[in-house]
Amino acid sequence: MPTLLIDHADCIATFDHADPAQGRELKEASLFVRGHRIEWIGPAVELPPALREAADEVIDARGHLVTPGLVNTHHHMYQSLTRAIPSVQDAELFSWLRGLYPIWAGLTPEMVRVSTQVAMAELLLSGCTTSSDHLYIYPNGVRLEDSIEAAQAIGMRFVATRGSMSVGRSQGGLPPDEVVEHEDAILKDSQHLIETWHDASDGAMVQIALAPCSPFSVSPALMKQSAELARSFKGLGVRLHTHLAENDHDIAYSREKFNRTPTQYAQELGWLGDDVWHAHCVKLDDEGISLFAASRTGVAHCPCSNMRLASGIAPVRRMLDAGVSVGLGVDGSASNDGAHMVNEARQALLLARVGRALSAPETRDGKTFFGCDLGPAEMTARDALHMATRGGAQVLGRKDIGYLSVGMCADLALFDLRSLGFAGGAVHDPVASLLLCASPPAACTVVNGRVVVRDGQLVTLDAGPLIERHNRLALQLAQTCRTG
């Protein structure tokens with residue numbers, strides 16, 4: 001098996017403890033990889049000479065911070081084709097969707113493949129090694145396999161979710177009728193994808209989850225049947241994913257259509273459990289947080305998208321304190337307009353603090369606190385990085401990624417502490433400076449023991465022609481909508 005030595009890193013932040021403050025941070029440290037696994041980690045001076053001699057490749061990590069590979073728990077990669085569309089730059093969620101559905105109806109298999117690789121290139125260049133993707137629109141012969149094959153070519157660990165929409169506008173749903181599918185066809189394809197692509201083994205590079213899009217675009221029957229189908233593959237870890245409680249309109253729709261809060265509706269449908277994670281949960285109330293914690297349901301927190309669409313500030317600290325697993329998601333590239341996981345973690349840190357400053361007074365241990373009194377303590381840099389790594393792995397049900405330890409998958413990122421953005425910060429605290437200072441690109445990203453980003457450049461694909469092709473398709477997609 002090939003071997004790789006990450007040698008003499010200034011700091012290796014392992015996040016090998018459930019408490020973000022307790023994970024080992026090793027100074028002047030090295031890490032040895034054999035095949036796809038970490039075989040040794042510790043101070044460089046203690047590295048066995050036999051391992052140093054056995055290294056097929058050595059990366060000089062002097063002046064670098066090493067972290068676990070970041071984990072992205074929610075994305076819509078095809079949306080990179082519709083970033084910064086003028087007509088929806090200032091829209092909230094429902095108006096934003098209504099404006100973009102007609103454009104997305106023109107998607108082709110080529111567009112999905114290319115946009116997936118563009119989104120993954122961005123993620124890999126930011127130190128992200130594992131990503132889920134929520135593809136819920138399948139016009140013109142688009143298949144989930146288009147995304148999966150794109151991921152295999154670029155080298156990213158991938159949780160491909162089979163999204164779906166089945167309730168169009170004529171039936172009281174939000175999407176236009178031309179972009180919804182028949183539920184029998186959705187379930188048939190879902191079963192085929194699980195049987196063909198889902199890898200339940202430790203270290204899997206491709207997994208499948210079932211992901212009806214949202215309560216306002218699918219029927220209760222499809223939600224229930226999707227859950228039953230996923231759980232019929234007992235012991236294979238087929239997970240469930242959807243959007244929930246994203247903004248006030250989402251709450252109003254759920255109350256009007258189902259006479260339930262989104263969490264109550266999810267519970268009624270069997271959509272709470274340790275095999276489920278929900279995106280956003282901005283409007284999750286105290287009852288919802290308690291139900292999520294008791295059922296070990298996960299959350300994909302998407303701070304940039306929530307700000308972009310003015311959805312609100314998710315109660316992340318309350319979720320974490322209650323014991324809810326929370327990971328980070330960059331969300332769709334058309335509601336974030338970027339896919340930079342370090343920046344997402346930075347925004348999670350900052351938004352949690354300003355959210356505290358804006359919150360109502362509360363009483364703890366008989367004392368009243370007025371919002372900003374607790375602001376900076378709401379979220380630390382290590383808390384946010386923990387969500388971006390170990391937290392994301394927990395949300396995706398992965399025990400083989402998310403932190404650095406012997407036996408774990410060799411997914412990691414290196415950041416150059418000598419670059420301009422770290423000046424005056426890394427010398428004090430290299431781990432915290434990754435978020436508190438300017439969000440940098442990764443100098444090197446390793447996925448499953450394979451170097452996919454080297455010296456800040458993607459090595460598995462040529463980015464220049466990919467970007468040109470992507471931009472040409474983006475213009476074609478928008479033009480198709482205008483002339484259709």
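Here are some exercises on this structure, each followed by a worked solution.

Before you start: this is a predicted model, where local features need pLDDT of at least 70 and side-chain atom pairs count only at pLDDT 80 or more, while totals for chains, interfaces and linings use all residues. Residues are numbered from 1 along each chain as its sequence is written, and side-chain values use heavy atoms, with hydrogens and water left out.

**Exercise 1. Work out what span helix H2 should have, and check it against its end C-alpha atoms.**

Step 1. Helices here are DSSP runs of H or I with at least four residues, strands are runs of E with at least two, and both are numbered from the N terminus. H2 covers residues 93-104, which makes 12 residues.

Step 2. The expected span is 1.5 Å times one less than the number of residues. For H2 that gives 16 Å, and the end C-alpha atoms are 16 Å apart, so the two agree.

Step 3. Now look at the N-terminal end. Glu 92 caps it, with a side-chain oxygen 3.0 Å from the backbone nitrogen of Phe 94.

**Exercise 2. Which residues of H2 are buried, and how are they arranged around the axis?**

Step 1. Buried means under 20% relative accessible area, exposed means over 50%, and partly exposed is in between (1.4 Å probe, protein chains only).

Step 2. The buried ones in H2 are Leu 93, Phe 94, Trp 96, Leu 97, Leu 100, Tyr 101, Ile 103 and Trp 104.

Step 3. Looking down the axis of H2, you find these buried residues within an arc of 170°, so they line one face of the helix. The arc is taken from the directions from the helix axis to the C-beta atoms.

Step 4. Here's the background: an α-helix has 3.6 residues a turn, so residues three or four places apart point the same way.

**Exercise 3. Try the same checks on helix H3: what is its span, and how many of its residues are buried?**

Step 1. H3 runs over residues 109-125, and its 17 residues should span 24 Å at 1.5 Å a residue; the end C-alpha atoms are 24 Å apart, so that agrees.

Step 2. In H3, 12 of the 17 residues are buried, so the helix is largely enclosed by the rest of the structure. Among them are Met 111, Val 112, Gln 117 and Leu 124.

Step 3. Just after H3, Gly 127 takes a positive phi of about 90°.

**Exercise 4. How many aromatic pairs are there, and of what kind is the pair Tyr 78 and Tyr 136?**

Step 1. Rings of Phe, Tyr and Trp (its six-membered ring) pair if their centres lie within 6.5 Å; planes under 30 degrees apart are stacked, over 60 edge-to-face, and the rest tilted. By this rule there are eight aromatic pairs.

Step 2. Tyr 78 and Tyr 136 have ring centres 6.0 Å apart and planes at 85°, so they are edge-to-face.

Step 3. Tyr 78 is in the loop between strand S6 (70-72) and H2, and Tyr 136 is in the loop between strand S7 (128-135) and helix H4 (144-154), so the pair ties together parts 58 residues apart in sequence. Both tyrosines, Tyr 78 and Tyr 136, are buried.

Step 4. Ring pairs also link Tyr 78 and Tyr 136 with Trp 96, Tyr 101 and Trp 104 in a cluster.

**Exercise 5. Is Arg 157 buried or exposed, and which side chains make polar contacts with the side chain of Arg 157?**

Step 1. Arg 157 lies in strand S8 (residues 157-164). Its relative accessible area is 0%, so Arg 157 is buried.

Step 2. A polar contact is a pair of N or O atoms within 3.5 Å; within protein, one must be able to donate a hydrogen and the other to accept it, and residues adjacent in sequence count only if both atoms are side-chain atoms.

Step 3. The side chain of Arg 157 has a polar contact of 2.9 Å with the side chain of Asp 411. Another, of 3.0 Å, joins Arg 157 to the side chain of Asn 448.

Step 4. Contact means heavy atoms within 4.5 Å. Not counting residues up to four places away in sequence, Arg 157 touches residues including Thr 129, Gly 203, Arg 398 and Val 447.

**Exercise 6. Where is Thr 242, and which residue's backbone oxygen lies 2.7 Å from a polar atom of the Thr 242 side chain?**

Step 1. Thr 242 is in strand S10 (residues 239-244). With 1% relative accessibility, Thr 242 counts as buried.

Step 2. The backbone oxygen belongs to Pro 212.
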